[in-house]
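Here is a friendly walk through one protein chain, written for someone who likes to know which cut-offs sit behind each word. Please have a look at the model first.

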Amino acid sequence: MDLGWIPVLMEELVAFSSQRGDATAQLKQAFKDPAIIPALCAVMSGSQNPQIRQSAAVMLRLRVKKHWKKISPDDRESLKAVVLQAFMQETEHTVQHSLSQLCAVMVKHETPDRWPALLQLLNQSTKSSNPHDRQVGLLLLNKVMESNPEPFKPHYCQLLQLFNTVLQDHNNPTALYYCILTLTAITAYTGTEEMHQMRSIIPSLIVALKHLIKADQNQASEAMEVFNELMESEVSIIVPHVADIVRFCLEVGSDTALSDSLRVKALSCIAFLIKLKSKTVLKQKLLNPILQTIFPVLVAAPPPGEQDPEDEEDDTGDGADNDNPKHCAAQIIDTMALHMPPEKLFQQLMPLTQACLASEDPYQRKGGLMCLAVLAEGCADHIRTKMLSSVLQTVCQSLSDTNQVVRSAGLFALGQFSEHLQPEVSKYCAELMPLLLDYLSSLNEAKVGHVTKAFYALENFMENLGADIEPYLPTLMETMLSALNNAANLKIKELAVSAIGAIANAAKELLVPYFPPVIESLKGFLTTTTEEMRSLQTQSLDTLSVLARTIGNDVFSPLAAECVQLGLNLTDTIDDPDLRRCTYSLYSAVSTVSPDCLTPHLTAITTVMLLALKSNEGITAHLEEDKTFVLLDDDDDDENDNNEEEKDVDFLEDETETEVHDITGFSVENAYIDEKEDACDALGEISFSTGAAFQPFLESSFQQVYEMRDFPHEDVRRAAFGAMGQFCRAQHKVWKENPTEANHQALLKLLDVVLPCFVETVRAEHERQVVMGILETMNNVIKSCKEEAFQNPSRLKEISYVIRDVLKKKTVCQDGGGGGVGDEADDEDQQAEYDAMLQEFAGEGIPLLASSVPADNFAPFLNDLLPLIMSKAKSSCTVADRSFSVGTIGEILQALVSVPGGRGVAGRLSTRLLPVLVAGVRDSDAEVRNNSVFGLGCLAQAAGPIVVSDYPMMLSVFSNMLTKESDLRVIDNLCAALCRMILSNVEAVPLEQVVPALVARLPLKEDMEENKTETQNTSALLMKEFAQRHSADFQAAVTSLPREEQAKLSAAISAS
């Protein structure tokens, strides 16, 4: 085929967009001729029109990318020579850019060593004395390196020397830009031999970035990604330079003359550094400089006539984008709270916060409140135990501030406190509920943005009140139902629907009288078909799910089948990820109330959810250029290639290329991430609730959820691991209900995949929240499956060792320090609350292991783990740590009561554990005393006669406590512990003294709900057991009591 017409056709294609379809079709036909390669090469190097030269380079790249193996060896060699020649003579930057991308694709196939001319060109141009040649050389180097970093590894040391030189070239900002981008590209691939060179480059890199900022802020913002890459890939490179990097980022972040995007990038670097290396930041005394610099950013007033994005009013009440320097400053404090010991943070932070709160400037007051708000999650224990009353008073006072900006910040802070400072904050119900209700009633509905903030605070506070919400129910429901029926603004209706969900979470069955009008209103919103009602419809589905879980089975069951049908109809007719997500939650809720209603529809339900997990919808690839010739990228459908094997290889080879090349990044819409997360959660819960009915769908669901374990977004990963745990529990339940060999083998096969996956991910996962979720899920699996989880001989060792590693802070997500010798050992008793919480999740697994296997099998591992738990009982540790330590010891001992060999192991441990528990009994904190008393009782029960010699000392301790203790929960547990001692060794207890003391404290006062210690029911049951097992001793002790005391005891035992 004669292809001499190609240049003319391309002229038309570029010049006349109306003829583009015809021209593209002709070019597509021409693409089937092998002579297309030399024809396009001629255009690329010979056309006078830069647009046509660029188009030829793009077309060649498309051809090379998908069909390199179909290009003849001669054409390949010719193309390699022509592209380099064209690149050297090209003067237009856009064409150079496309040519460099073409080279990058070719290097993918040829590797650098098979293209020596490319290496020679790179070497000459990047070292040229001509500044423009250096720029162009670095552009080419950047593109080929970004596309193929690994094949260049042998040249890394040489490249780093080049970068060190280029970074001094401050008068050539374009060269600096491409140099830094290339450094970013290779960072993840560098090895130990390049470390020293990389470290030595950092000071030059900072100076180069300063010069680049003066020349081009957009390029500088992109180049600053190098710090994030260094921190993520090899943080040890930057540890010696942390102070310099922080100072540089603070300088940029606080400079109001610079663009917001550049300042945000700099401040985000600081937040990321704190997340990864908080101990280094503290050790190098950078906390105060950071706070002193970011506080002015946090409290800055917006330009005259403007407002901060979160304070702007709009019709939806959602406010504007929060990606601004002020938001980043708050984020830095939030990150500090999550990753630093509260004592160290508050010492330097609170003086600044208090000065802001006392200021005359409303934006200073707002900043102070925002600061308190973002501390609530990470420093919850510290605030709850040391300053809750005073901070609540401050926040409540802010609700009567004359400035709405301050009141809005106060509402946000109150919402954060309500979410994170439970249960203590709910004790202020009598003061806060009237305040919030009055505030809400005083608002102008037209100010939807501010009304939204008021609802946020009210919702978060109400949700955790439990039965304490009852006195406020009439007012609350009247307000919400009135809004549903009368509000003109759809956003107000949506807020009211959401609030009803929060009320239901607290009120549960107390809401039954209001259920009919609520359902009547929701039905109208749920069946709407208009786009403007979509958000209200979605919220109504969410609230319906909450009602299903809370209102009571008898009330909701009649609606269950209708709800399932509603969900199916909605997903059939409306394509909306938020709406689908809410139907998954609805199915999940219905499965807990009426699983049979779901069974006929499981095929349809699981199909939609698995499609959501597989889908790439909502993922946007950002391309480097507009693909004018994207149609030319199609496969040659009608071209027959006889070499089937080569076609298969081509297909596999090209698949990732086609997807990834030329993509500068991905963005995923949050709605699609949330959908995947909720699909995982729902599949897990539905599998457990529906049991055997879910069996046909278990394997396909597991496979798809298992794929999600590496998903880029942490919430999806966490949900996937949670679902995998639920699948194990579901299979265990099925086997228990139908104990066939096939069901048993299916369970063991599932556990053999899931538990090693959990262990491996706990060690390697970077996100602490994901690891906490996995540990919690693993604990639930062990709790359900017991000894079945340990059929594999190596499993007990693997899980014990991973618990040990978490307690020793050896996992990837716990690397909060480093960089200096002894860094990890500093301030061992002071750590971020979330780091302590992670260790608690691990520690909670120890009693579960103890209850699942024979004690002698677990004893060697328990000997390793116990010192790590006991070390947290020291008086210098936090209350939370001390409580966790003695509580875990108590639960381990309780577990040993019921396993073979438990008595012997408990007896051998008694001399180590007794001093720790006795010290805990004397602790200043009631919860620590509570857990210690529980532990002593369990020790007596588990070790039996082995600890009889310690009974007099234990009884003396308890006797002393009974005279002094005022906390009702501790007294209840003390009674339970005495009963355990009696049951374990009745002869060793002076019943004539102990029984009257016990009866004097009946009826037992306070149920502990979900605490680690025993409840009043246990104490009464233990008394009953004592009466049955040792009736003569019991009768003798009882007859010595006054008549009314005898009646009291008899009533307590009968009631148990």
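The report below goes from the whole chain to its core, then to two helix pairs and a few single residues.

**Ground rules**

This is a predicted model, in which local features need pLDDT of at least 70 and side-chain atom pairs count only at pLDDT 80 or more, while totals for chains, interfaces and linings use all residues. Residues are numbered from 1 along each chain as its sequence is written, and side-chain values use heavy atoms, with hydrogens and water left out.

**The chain as a whole**

The chain holds 51 helices and two strands; helices (H or I, at least four residues) and strands (E, at least two) are DSSP runs, numbered from the N terminus. Of its 1056 residues, 57% count as buried. Here buried means under 20% relative accessible area and exposed means over 50%, with partly exposed in between (1.4 Å probe, protein chains only). If we take contacts between residues at least 6 apart in sequence, 76% of them join residues at least 24 apart. Contact means heavy atoms within 4.5 Å.

**The core**

In soluble globular proteins, nonpolar side chains tend to be buried together. The largest nonpolar core in this model has 346 residues, and L205, F227, I290 and F556 have the most contacts inside it. Such a core is a set of buried Ala, Val, Leu, Ile, Met, Phe, Trp, Tyr and Cys residues joined through side-chain atoms within 4.5 Å. Helix α15 (residues 260-283) gives the most to this core, with 13 residues. For a closer view, pick I290: apart from neighbours within four places in sequence, I290 is in contact with V246, L250, I270, I274, V281, I332 and M336.

**Two helix pairs**

Two packed helices are described by the angle between their axes and the distance between the axes. The axes are lines fitted to C-alpha atoms, for helices over the stretch in contact, and angles run from 0 to 180 degrees between N-to-C directions.

Helix α4 (residues 50-67) and helix α6 (residues 93-110) cross at roughly 15°, and their axes come within 9 Å. The two are therefore roughly parallel to each other, a term for angles under 35 degrees, whereas those over 145 count as roughly antiparallel, 65 to 115 as roughly perpendicular and the rest as oblique. The crossing of α4 and α6 is left-handed, that is, the near helix is turned anticlockwise from the far one by less than a right angle. From α4, residues including R53, V58 and K65 take part in the contact, and the α6 side includes L99, M106 and H109. The residues of this contact divide into ten nonpolar, five polar and three charged. In this count Ala, Val, Leu, Ile, Met, Phe, Trp, Tyr, Cys and Pro are nonpolar, Asp, Glu, Lys and Arg are charged, and the others, Gly among them, are polar.

Further along, helix α41 (residues 845-852) packs against helix α42 (residues 855-870) at about 160°, with the axes 11 Å apart. That makes α41 roughly antiparallel to α42. Their crossing is left-handed. I846, L849 and A850 of α41 make the contact with F858, L862, L865 and I869 of α42, and this set divides into seven nonpolar, no polar and no charged residues.

**Single residues worth a click**

Four residues with their places and relative accessibility are listed here.

| Residue | Place | Relative accessibility |
|---|---|---|
| Q539 | helix α28 (residues 534-550) | 17%, buried |
| L392 | helix α21 (residues 388-398) | 4%, buried |
| K809 | loop between α39 (795-807) and α40 (833-843) | 16%, buried |
| P558 | helix α29 (residues 553-573) | 63%, exposed |

Leaving aside residues up to four places away in sequence, L392 touches L414, F417, V425, Y428 and L432. With the matching exclusion, Q539 is in contact with E494, V497 and S498. P558 and S594 lie 36 residues apart in sequence and 9.1 Å apart in space, C-alpha to C-alpha.

The backbone has some details to check too. K809 is not a glycine, yet its phi is positive at about 60°. K285, also a residue other than glycine, has a positive phi near 55°; K285 sits in the loop between α15 and α16 (287-298) and is exposed, with a relative accessible area of 68%. Finally, the peptide bond from Q422 to P423 is cis, with omega near 0°, and P423 is placed in the loop between α22 (404-420) and α23 (429-441).
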